[in-house]
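Reader: Could you walk me through this model and say what each label rests on?

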Amino acid sequence: MSDSDDDYSATVLGSHWFSGPQQAPQQTRVQPQEAVPDRVEGSVLRFGPGVTAAMPAPFPVVVAEPVAPRRRGEWRRYTLAAVVLLAVLAYLAWQRYGPALEVRDVTVATADPRGPGCDSTADVVAVVRTNGRPGTLTYRWIRSDGTQSEQLTERVPRGRKEARLHLLWTFQGRGTYGAGAELRLVSPGQRTAATQFTYRCADTPAG
């Protein structure tokens, strides 16, 4: 070994020269979890207490509003109104499309029970009672002297339950005459009714 070798001395090196640069500690990646909204406000999803950010929902969110149950009193009021309306409609329908005119009874009498006086007119009245429905009465008068009227008609309006038919029979001359008149109802239905009376006209007494 030469003198130059005697001058050589080993240098202590730091340990990092031997190990080289240290590797950073390996980190474990954590996959982000899908956030779940904790409440719904309209069309915005709210995440967690204290989080102010709001993310619009990708689809419209509709929250059904609770329907208050109907109270029993409301149903009763509606039911009563419906019943009244149906009753009114039924009455109007019956008035318009109900049963036809029907005759219940027919009577005939003179307006003056004593009969007509000299050269006067007897008023013979037939009273026809009906069911109050509108319609037409068809009839004729038959007199005891062998004459009769042509076929006559009388219009009965709605709601009137009585019709009066008149026969005016005029008498002249002196003496006494027994007379009779008959009403012959042709429709609706066939009915007859008659009355009798006496015409009196005495001779003037001597003075």
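Author: Sure, starting with strand β8. Its side chains alternate: Ala-163, Leu-165, Leu-167 and Trp-169 point to one face and are buried, while Glu-162, Arg-164, His-166, Leu-168 and Thr-170 point to the other and are not. This is a predicted model, where local features need pLDDT of at least 70, side-chain atom pairs count only at pLDDT 80 or more, and totals for chains, interfaces and linings use all residues. Residues are numbered from 1 along each chain as its sequence is written, and side-chain values use heavy atoms, leaving out hydrogens and water.

Reader: What makes Leu-86 exposed?

Author: Its relative accessible area is 58%, and exposed means over 50%, buried under 20%, partly exposed in between (1.4 Å probe, protein chains only). So Leu-86 counts as exposed. Leu-86 sits in helix α3, residues 72-97; helices (H or I, at least four residues) and strands (E, at least two) are DSSP runs, numbered from the N terminus.

Reader: How do you know that β4 and β5 pair?

Author: Two strands pair if DSSP finds at least two bridges between them. β4 and β5 (residues 121-130) have seven, in the antiparallel sense, so they meet that cut-off. Val-108 stands opposite Ala-126 in β5.

Reader: And what joins β5 to β8?

Author: Nine bridges, with the strands running antiparallel. Asp-123 is opposite Leu-168 in β8.

Reader: Why are β4 and β8 called edge strands?

Author: The open sheet has the order β4-β5-β8, with antiparallel pairing. β4 (103-110) and β8 (162-170) each pair on one side only.
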